[in-house]
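These entries record what I looked up, in the order in which I looked. I began with one chain and then turned to an interface.

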Amino acid sequence: MSESRRHNLGLRVEGLAAARGGRVIFESASFVLEPGATLLLKGPNGAGKTTLLRTLAGLAPAARGTAETYLDGGPRLRLDELPAPRPDRRAASIYAGHADGVKASMTGVEHLRFWARLYEGGADRIEIAAGAFDLAPFVHLRAGAMSAGQRRRLGLARLVISGKPIWLLDEPTAAMDAVAAARLAALILAHNAEGGAALVATHDKLPIEAPALILDARPPAETQ
Amino acid sequence: MSVFDFANPERFERLARPIAVPTGALAAVLIGAGLYYGLFNSPPDYKQGETVRIMYVHVPAAWMALACYTALAAASAVGFIWKHPLADVAARATAPIGAVFTAVAIVTGSLWGRPMWGTWWAWDARLTSVLILFFLYLGYMAVWAAIEDKARAARLAAIVAIAGFINVPIIKFSVDWWNSLHQPASVFRADGPTIDGSMLAPLLLMALGYTVLFIALLLASMRNEIAARRLMRLEGAPGRPVSTVRKE
Amino acid sequence: MRAQLAVIGRDVSLAFRSGGGALHSVIFFALAALVFALAIGPDLALLSGLAAPILWAIALLSALVSLDRLFQADFEDGSLDTIVETADFLELSVLAKSVAHWLSAGLPVVLAAPAVALLLNLPAEGYAPLLLSLLVGTPALSFLGAIGAAVALGLRRASILVAILSGPLFAPALIFGVGAARAGAVDSPQFLPAILLLGAITLFGALLGPIAGAAAIRLNMTA
């Protein structure tokens with residue numbers, strides 16, 4: 001790829017399993033999320049999409065297996081083979097879940113500034129984020145006064161501010177209209193073009209063509 | 001090592017089953033002997049009179065209150081650090097036993113205080129510390145009761161137990177300091193160095209009896225818990241879907 | 001550290017706007033003083049002797065009633081994920097949340113204490129030692145209270161569990177706080193050791209609270 005790529009970090013997942021409350025949610029998840037690629041995550045409710053995303057984000061523990069970031073481009077090296085300390089997944093990824101991650105009594109602008117400080121993103125990224133999600137019409141409102149779709153867009157704006165290479169998105173189009181969903185799809189493609197990777201759990205509302213990971217619930221008779 | 005590994009508990013069951021009844025019997029003998037010597041076959045105190053006999057129940061119970069909390073914190077640390085499921089079971093089983101010893105210490109302390117101080121409750125430094133310890137036990141058990149996911153409850157309760165244990169000496173010190181400001185030195189001196197040999201024997205018998213009783217109750221409670229968990233696993237096993245991931 | 005300072009700034013700013021927690025803490029603090037005064041009766045001499053202990057007890061209670069929201073609000077709206085995600089050491093972020101809690105619930109109570117002390121007829125020489133003891137000791141409540149708040153995170157009846165877990169841990173701070181406030185009022189030699197021990201407890205809380213709190217949050221973040 002060209003040298004203009006900002007990111008070249010991928011995610012390699014091998015034999016990952018997660019358990020909650022003594023029950024295995026999913027097992028033997030093995031896949032590679034390449035830099036510049038998007039993978040859609042599909043499966044019925046309760047199959048473990050959220051658990052997989054949170055496990056990859058480093059927010060929840062894995063029961064077995066590994067999930068490692070690796071550096072792409074040039075000689076292909078895994079980060080754990082480099083002499084420098086390996087950045088953990090949390091440092092490389094950003095997770096956006098069911099909740100918007102916004103405070104009702106804070107305005108849009110306050111949120112953007114807070115995230116810029118939290119993720120140590122530049123002030124210039126605030127502008128880019130506001131533009132990407134067309135926040136201008138409501139960015140000065142308190143989040144409590146915004147519509148559900150507007151709050152969703154505001155919450156996702158932190159993806160752009162963070163500057164993280166790997167996006168882990170859980171039903172990002174919830175509460176979004178078709179226009180906003182198309183905007184998000186375009187943003188994910190732009191992120192891919194910069195070398196960023198995305199894993200998106202979605203129920204077909206995101207107008208994006210990408211390979212899919214399917215989480216299947218199998219009867220336990222087959223598992224052992 | 002995972003939560004699904006039940007090899008260890010099975011070995012525990014093999015070890016625990018044959019000693020369950022003997023430990024219970026031994027505890028009964030020791031406590032019976034301790035009570036006999038304490039209540040009928042030891043001299044009354046020259047100052048406290050017959051009420052000193054409450055000491056034989058009270059003082060070892062207060063010792064056990066602290067010893068059980070120490071065991072609880074130790075088991076919690078082992079369970080938390082090495083993710084040892086048996087240690088979690090032991091910690092959980094220890095708490096109600098320790099809480100009962102603590103309650104016995106509080107109630108007998110109050111009963112003893114009635115003739116000695118002329119009141120059911122005096123804010124004696126030791127009694128107050130034991131009362132706070134009782135609340136530490138209640139908090140620990142409340143965590144287990146409040147959290148449904150038992151694997152998570154074990155780890156959260158372990159944090160509570162360890163944090164509480166670290167605070168025990170600070171609480172003890174602060175309560176002693178608090179008490180010394182308001183009252184002359186503690187009246188409790190039955191377990192002090194001035195104790196007579198004829199009192200020491202039943203006291204130690206009772207302490208030993210309590211300890212063996214603790215072991216017997218702990219084993220019984222742990223076996224129960226393990227059996228209950230195995231049953232839950234067996235009943236819960238069919239029909240539980242496990243997801244796998246494939247790429248399309 | 002930038003991330004932690006951002007969290008403190010956000011939390012304090014949220015607490016001091018309308019609907020935030022700072023005013024609620026002060027109102028609760030004053031209301032609790034009223035409850036004590038009504039229960040004890042209008043005997044000014046009696047109130048005067050009890051003023052310092054009452055003020056410490058109600059400062060403790062007002063910390064307790066706001067602690068269950070310490071992580072819960074962020075947990076519910078999803079911003080706790082963001083905070084965990086950006087923390088190199090979660091312990092530092094828990095420390096930041098505790099500091100923010102003290103700035104937005106503890107400090108307002110300390111500042112309101114002189115006015116409430118007037119209502120309870122605190123003797124004039126009691127003000128300085130009381131304020132000093134509250135200033136030194138109430139941060140310990142925010143630090144140690146983070147343990148219970150983190151353990152009870154996501155539970156339906158979190159507030160009562162937070163109180164049960166925090167109560168015993170608060171005992172030393174209460175004892176030395178009241179001890180210092182009372183000793184200082186009568187120029188007792190006990191004042192200096194009491195206030196130093198109180199400071200030690202606050203420092204100890206600043207160490208234990210974040211470590212235990214972060215461990216509990218990691219467990220409770222699991223979806």
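**Entry 1: chain A as a whole**

What percentage of the 224 residues in chain A is buried? I found that buried residues account for 54% of the chain. I note at the outset that the model is predicted. I therefore looked up the confidence next, taking pLDDT as the predictor's confidence in each residue. The average pLDDT of chain A is 83, and 86% of its residues score at least 70. I marked residues 74–87 of chain A, where the pLDDT is below 50. This stretch nevertheless has 22 contacts in the model beyond near neighbours in sequence.

For secondary structure, I recorded 6 helices and 9 strands in chain A. I then looked up how far apart in sequence the contacting residues of chain A lie. Of the contacts between residues at least 6 apart, 72% join residues at least 24 apart.

**Entry 2: A:T173**

Where in chain A is A:T173 placed? I located A:T173 in the loop that runs between strand 7 (166–170) and helix 6 (178–193) of chain A. Is A:T173 buried or exposed? I entered A:T173 as buried because its relative accessible area is 1%, and the cut-off for buried is under 20%.

I also listed the contacts of A:T173, leaving aside neighbours within four places in sequence. The partners are A:A181, A:L184, A:T202, A:K205 and A:L206. Of these, I noted A:A181 and A:L184 as numbered within the range of helix 6 (178–193).

**Entry 3: chain C against chain A**

I next examined the interface of chain C with chain A. How many residues of each chain are in contact? I recorded 25 residues of chain C in contact with 26 residues of chain A. The size of an interface is often given as the accessible area lost when the parts come together. For this pair of chains, I noted a buried area of about 2300 Å², with 54% of it on carbon and sulfur atoms.

I then looked up the polar pairings. Between chain C and chain A, the count is 4 salt bridges. One salt bridge joins A:K103 to C:D74, with the closest N and O atoms 2.4 Å apart. The count of residue pairs in polar contact between the two chains, both residues at pLDDT 80 or more, is 9.

Which helices of chain C each supply at least two residues of the side that touches chain A? I listed helix 1 (2–15), helix 4 (69–77) and helix 5 (79–85). Helix 1 of chain C gives the largest share of that side, with 7 residues. By class, I entered 10 nonpolar, 5 polar and 10 charged residues for the side of chain C that touches chain A.

Notes: Residues are numbered from 1 along each chain as its sequence is written. Chains are lettered from A and ligands numbered from 1 in the order in which they are written. This is a predicted model: local features need pLDDT of at least 70, side-chain atom pairs count only at pLDDT 80 or more; totals for chains, interfaces and linings use all residues. Side-chain values use heavy atoms; hydrogens and water are left out. pLDDT is the predictor's confidence in each residue, from 0 to 100. Contact means heavy atoms within 4.5 Å. Buried area is the accessible area (1.4 Å probe) that two parts lose on being put together, summed over both. A salt bridge is a side-chain nitrogen of Lys or Arg within 4 Å of a carboxyl oxygen of Asp or Glu. A polar contact is a pair of N or O atoms within 3.5 Å; within protein, one must be able to donate a hydrogen and the other to accept it, and residues adjacent in sequence count only if both atoms are side-chain atoms. Helices (H or I, at least four residues) and strands (E, at least two) are DSSP runs, numbered from the N terminus. Ala, Val, Leu, Ile, Met, Phe, Trp, Tyr, Cys and Pro count as nonpolar, Asp, Glu, Lys and Arg as charged, and the others, Gly among them, as polar. Buried means under 20% relative accessible area, exposed over 50%, partly exposed in between (1.4 Å probe, protein chains only).
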